[in-house]
Amino acid sequence: MASAASYSFGGPGRRRVDLPLVLFGLAALASAALLLWAIRDPVFAGAFLAGLLGIGGVLLLVRRRPAHEVAGGGEDLPDIALLRDALESAGPAQAVGLSDREGNLFCANSAWGGWFGADSLPLALARVAPTARRDRAVAIPSIQIGGQAYEGEVRLAGAGDGQLLWRLYRAEDDHVAREARRLIGGEPGRRMGEAGLMVALVDGGGTILAANGAFAVRANGPDGEGNVAIAGTPFVDHLTASSAGQFHFAAEGKAAAPLRIVQVPAGEGPATLSVFLLLDDIPGPRSDDENAHVHALLDSLPLGLALADTDGRFTFLNKVFRKAVGLGANERPVWPGDLVVDEDKAAVSDAVRRFGRGRPMSGDLAVRLRPNPEEPVAMTVAGARGLGNAAVLISIKDNSEEARLKREIAQATKMQAVGQLAGGVAHDFNNILTAILGTCDLMMMRHTPGDSDYDDIQQIRSNSNRAANLTRQLLAFSRQQTLRPQVLQLPDVVSEVSHLLKRLLGERVKLEVKHGRGLGAVRADPGQLEQVIVNLAVNARDAIIARDPIAGGTLTLQTFAVSAEDVRRMSSDVLPIGDYTAMKVTDTGVGIPQHLLSKIFEPFFTTKEVGKGTGLGLSTVYGIVKQSGGFIFAESQVRKGTSFTIYLPVHRAQPGEAPAKAKAKETAGELWGNATVLIVEDEVMVRAVAERALARHGYNVLVAENGEAALEILQREEKVDLMISDVVMPTMDGPTTVRAARKLHPDLPILFISGYAEEQLRKSIDIANVSFLAKPFSVQQLAETVRDVLQEK
């Protein structure tokens, strides 16, 4: 670019003349002429003129040198205005800027100025500059500036002297664009095209991001190919306007049918995405049915859509929308606010009026629908133009299935966490109860029923047994209870417990028992199954009496077979396909509200009055059924009754499997012994009780507080007949101690004592010839188990 003091004469082909240089020359000539006239000496005047011209030459060289250095080899300085015009061509959706080697921004487009400031380079970008200068180009996948996410790139610009070119765009609508591309380019877009609706997704710069097939065919014209790529081309290039102001496709010529165009913006601002809906505009007078084809189209879409006029009244609701908001077939709501709870009415009405009368924009609202006020849903309200009386497009996603899955996952996670907590608490509590029960047994050996302390000791023991039963229920809920599974028939278990049930239910509750045919055998603990039936029956009795204290009601126990085909027809997401034997317990009680039905299996949850329930009845049922490999489901209607259905898998006998044999009853005199027993227990209370109990029965007892001490005793003692060990101990646990002990004494019998379930321990302990005794245990139970283990040896 020429200097501001340089001018060209004689047209663009002439050389440029430096005006200061010309003026200096004229002044030098005038000064020399004046000197010649004054002194009449031509030699002196000529020398004076030469000196002036020399000084002017030096000044000219000094003046031009900086420009030469800046321009670099005589090149002109950049035209900032011209650069800015070039950067503006990127459009409003992209911020473009140039920075020098010092990191100063010297040129940017208006989008940059609006986002970051016209003369500033954000610090987050300045950190990327050294890497860009080293690698010549760097992609910016995601960067946060002022709470906004941006993406883009930076690369070296010019002759490589450190100037950088920055290109950034907002990443806030990426997920919107991806979802819109999927819908428009997929099956929904094809169905819209079959209904005569042409759809295009356009960015803020006017470039098409996606279009359905109907738009592509029309945009390419009758002589074009329908599969020519439309994405990436300017949207306006495919349209033209007639003299009457009607739009039509440019490829179809001016004689083509006019189009009706509806723009639905995905957000606010000039750079937002927009969905353009194009319809063939049918000429002629308007009627009430002019949008019938649009309604038919919206009704066929898998999206919940509704239309409202400028006053906010509904003009159309498609089937998916009606299902999502819980409307019946004959319900006709007038206002969108009628669908939501009272607290959300004002927000919905305001949004509908604002988008219906203002510029065509859109927005999302979190609302709570009347049928399900506990689950907020997303309602999208968008201004619509060109649809007759309709001015607002309202959409609601039917997320009922998604919400149901979320609730089930949350419930399962909570039940698992509570179960782990309950199992840990029960295990620690069992150690305390073992010491209390054992101490009571030892004290009762020294007192007779006539002693003054005997009744007090018996009361302590009774309360401890109640606490032990509570821990068993907690372990049952956490599926860590010790079970003794047997192969049995459900009707036999029901028959065993039916006599007890009649006494528990009383005279006002009628018991009905129905057994199906072809029932398969199941493998479960009969005592625990009886506990399940009793707990369900007691809850049913209380519900029946609460509904009608005088007349009472009916409790029905029903067993039936469920085949794999029956399960397949049920289409259950929880119940695996297979053969089951089911038991259904139904009452005619007060029922359970739907919002409480998902909480009934939680421990300590109860709807009874304070002091009339522990809240562990159903949680115990849940744990026993789950630990037995079964499933339980509850159904209830308020004031009509509740049904619990238990599915237990049919047991298939394995080759060589023998039925369980009943243990012969032993007499108390056979509990004495003289063997050497090593007790390994980290709990002082439990260790002391076990040592005193076995010593009273004649055994030679050795004790160790941990695994290391036990191994030292085994190395020192020549003969140890039995080792009793806890499972969970610090530093060296029970199984590790037993493996090391077997290296010293290969045939040493082992008795594990623990508060955890035997089946669970046997799965994790791969050691042969071991027995198990569950905590809490009494002195007699410990003596009997030691005797049995030594006899098996």
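User: How do the axes of helix α21 and helix α22 cross: roughly parallel or roughly antiparallel?
Analyst: Keep in mind this is a predicted model. The axes of α21 (residues 707-716) and α22 (residues 734-744) come within 10 Å, crossing at roughly 10°. Angles under 35 degrees count as roughly parallel. So α21 and α22 are roughly parallel.

User: Which residues of α22 make the contact with α21, and how many of the residues in that contact are charged?
Analyst: On the α21 side you've got Gly707, Ala710, Leu711, Leu714 and Gln715, and these meet Thr737, Ala740, Ala741 and Leu744 of α22. Sorted by type, the contact has six nonpolar residues and three polar ones, and the number of charged ones is zero: no charged.

User: Which helix gives the most to the largest nonpolar core?
Analyst: That core has 37 residues, and Leu501, Ile533, Leu536, Leu555, Ile632 and Ile646 touch the most other members. The top contributor gives eight residues and spans residues 526-547: helix α16.

User: What does leucine 555 touch beyond its neighbours within four places in sequence, say among the alanines?
Analyst: Leu555 is in contact with a mixed bunch, including Leu505, Val509, Lys510, Glu512, Ile544, Val585 and Asp587. Its list also holds the alanines Ala537 and Ala540.

User: Where do the buried residues of α8 fall, seen down its axis?
Analyst: In α8 (residues 187-194), Pro188, Gly189 and Met192 are buried. Seen down the axis, the buried residues fall within an arc of 100°, so they line one face of the helix.

User: What phi does glycine 196 take, just after α8?
Analyst: Just past the end of α8, glycine 196 has a positive phi. Its value is about 90°.

Methods: Residues numbered from 1 in each chain as written. Predicted model: local features only at pLDDT ≥ 70, side-chain atom pairs only at ≥ 80, totals over all residues. Heavy atoms only, no water. Buried < 20%, exposed > 50% of the residue type's maximum accessible area, 1.4 Å probe, protein only. Helix = DSSP H or I, 4+ residues; strand = E, 2+ residues; numbered from the N terminus. Arc of directions from axis to C-beta. Core = buried A, V, L, I, M, F, W, Y, C linked by side-chain atoms within 4.5 Å. Contact = heavy atoms within 4.5 Å. Axes fitted to C-alpha atoms, helices over the stretch in contact; angles between N-to-C directions. Parallel < 35°, antiparallel > 145°, perpendicular 65-115°, else oblique. Nonpolar A, V, L, I, M, F, W, Y, C, P; charged D, E, K, R; others polar.
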